[in-house]
Amino acid sequence: EQRVLTGITTTGTPHLGNYVGAIRPAIAAATQPDQQSFFFLADYHALIKCQDPEQIRRSSLEIAATWLAFGLDTDRAIFYRQSDIPEIPELTWILNCSAAKGLMNRAHAYKAAVQANEEAGEDPDFGITMGLFCYPVLMAADILMFGAQRIPVGRDQIQHVEMARDIAQRFNHNFADVFTLPEAVVEDNGAVLQGLDGRKMSKSYNNTIPLFESEKKLRKSINRIKTNLLEPGEPKATDNSTLFQIWAAFADDSETSRMRQAFADGIAWGEAKKQLFELVNDHLAPARGYYMELMDDPGHIESVLQKGAQRAREYSVPLMQRVRDAVGISSMG
Ligand code: TYM
């Protein structure tokens, strides 16, 4: 049995990047035979970036509704909330005690925060919490807890999965062969989807296209994608074009070739945006109605998550016992 695992941080509204980078490949993987998948709401991770409890609650609901709206089969996949698994923070502490600080110094998110401080002439540690610094260890605990081999993520998370692998290797070497070594699985198409302004689509940059806004708003968002000043009839480059990239992430090969040709033939930006809206909207519309219903029924979502947590703990409780035994903190009796 292969184990697939991935999580989404519960800050902000899920967007096209989350879908293309994580949700879509994860749901596809979950339908394969001989596969057990673990998908979760990373709400402990949310605390690192967000001190607004209402936002975290809202985002948790939106992200859960998103997975379900896309048809995640929760009888097969184990779908849970990170904070419902008390073994995760427990494992995090134990991993903290064997993870190298030097490894954490190299984590992108932490380095970016230090660099931003330096550029602003601040103390390098300004505003940096231990949560941010240790973020990859919490993520390693998420992954190693369930013996996951395959981790479908966007390109931005590869480093964290590699760190989890590193931490697992070190632990196995120091104590006992407890952990499976995980591997990131990255989609070729749109591994890092660009946002409205051409930077990586990200909640932190405020440049996202939310998955389930109304049709009208989706059209507006797509019209806001930044393009250059080339006129209709002038050939347009597909490289580095957010518009083309989103197209390729949603279209099949023949539709992608057709759009590539249309770019070469100088399609007008307005026309390209109109076609992109139709493509994306056709793709999302069937799930949108179900999403709206789910958002009105938090009680249902909660019961799905509780059931998921119960199943997840059938894995996490015994694993944690093995870890305690391995490090010497299990009972003496
Ligand atoms: P998060 O919440 O930032 O993003 C969730 C997933 O969406 C992917 N993603 C993207 N993919 C393509 N293009 C984009 N523009 C884009 N933006 C986001 C991310 O790569 C990710 O796969 N730390 C993780 C959550 C996490 C996790 C885990 C993931 C916690 N524990 C264990 C895997 C395994 C995060 O903050 O992702």
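## Domain arrangement

In this predicted model, the C-alpha centres of domain 1 and domain 2 are separated by 31 Å. Domain 1 is assembled from two stretches of the chain, residues 2–192 and 297–327, whereas domain 2 is formed by residues 212–292.

Where the two domains meet, domain 1 contributes 8 residues to the contact and domain 2 contributes 7 residues. On the side of domain 1 that touches domain 2, the elements giving two or more residues are α1 and α3, the latter covering residues 53–69, and it is α3 that gives the most, with 3 residues. Sorted by class, this side of domain 1 has 5 nonpolar and 3 polar residues, and no charged residues are found there.

## Overall fold and dimensions

The chain holds 13 helices and 5 strands, and its C-alpha trace extends over about 80 × 50 × 35 Å when laid along its principal axes. A compact globule of 333 residues would be expected to have a radius of gyration near 20 Å, and because the chain has 21 Å, the value agrees with that expectation.

## Surroundings of the ligand

The ligand is surrounded by 25 residues, and the closest of these are Thr9, Gly17, Gly21, Val153 and Gly154. Three elements, namely strand β1 (2–9) and helices α1 (16–30) and α7 (130–144), each supply at least two residues of the shell around the ligand. Helix α1 therefore appears in two settings, since α1 is among the suppliers of the ligand shell and also gives two or more residues to the side of domain 1 that touches domain 2.

By class, the shell around the ligand is made up of 12 nonpolar, 10 polar and 3 charged residues, while the side of domain 1 that touches domain 2 has no charged residues.

## The annotated motif

The UniProt record, an unreviewed entry, lists residues 10–18 as a short sequence motif under the name 'HIGH' region. Over residues 10–18 the chain is 33% helix and 0% strand, and the C-alpha atoms at the two ends of the stretch are 12 Å apart. Gly17, which lies within the listed residues 10–18, is also one of the closest residues to the ligand.

## Helix α6 and the residue that follows

Helix α6 comprises 12 residues, 108–119, and at 1.5 Å a residue it should span 16 Å; its end C-alpha atoms are 16 Å apart, so the length in the model agrees with the expected one. Just after α6, Gly121 adopts a positive phi of about 70 degrees.

Note on methods
Residues numbered from 1 in each chain as written. Predicted model: local features only at pLDDT ≥ 70, side-chain atom pairs only at ≥ 80, totals over all residues. Near = placed C-beta within 6 Å. Helix = DSSP H or I, 4+ residues; strand = E, 2+ residues; numbered from the N terminus. Nonpolar A, V, L, I, M, F, W, Y, C, P; charged D, E, K, R; others polar. Domains from an automatic or database assignment. UniProt positions renumbered as here; feature names shortened; annotations may be inferred. Expected span 1.5 Å × (residues − 1). Rg over C-alpha atoms; globule rule 2.2 N^0.38 Å.
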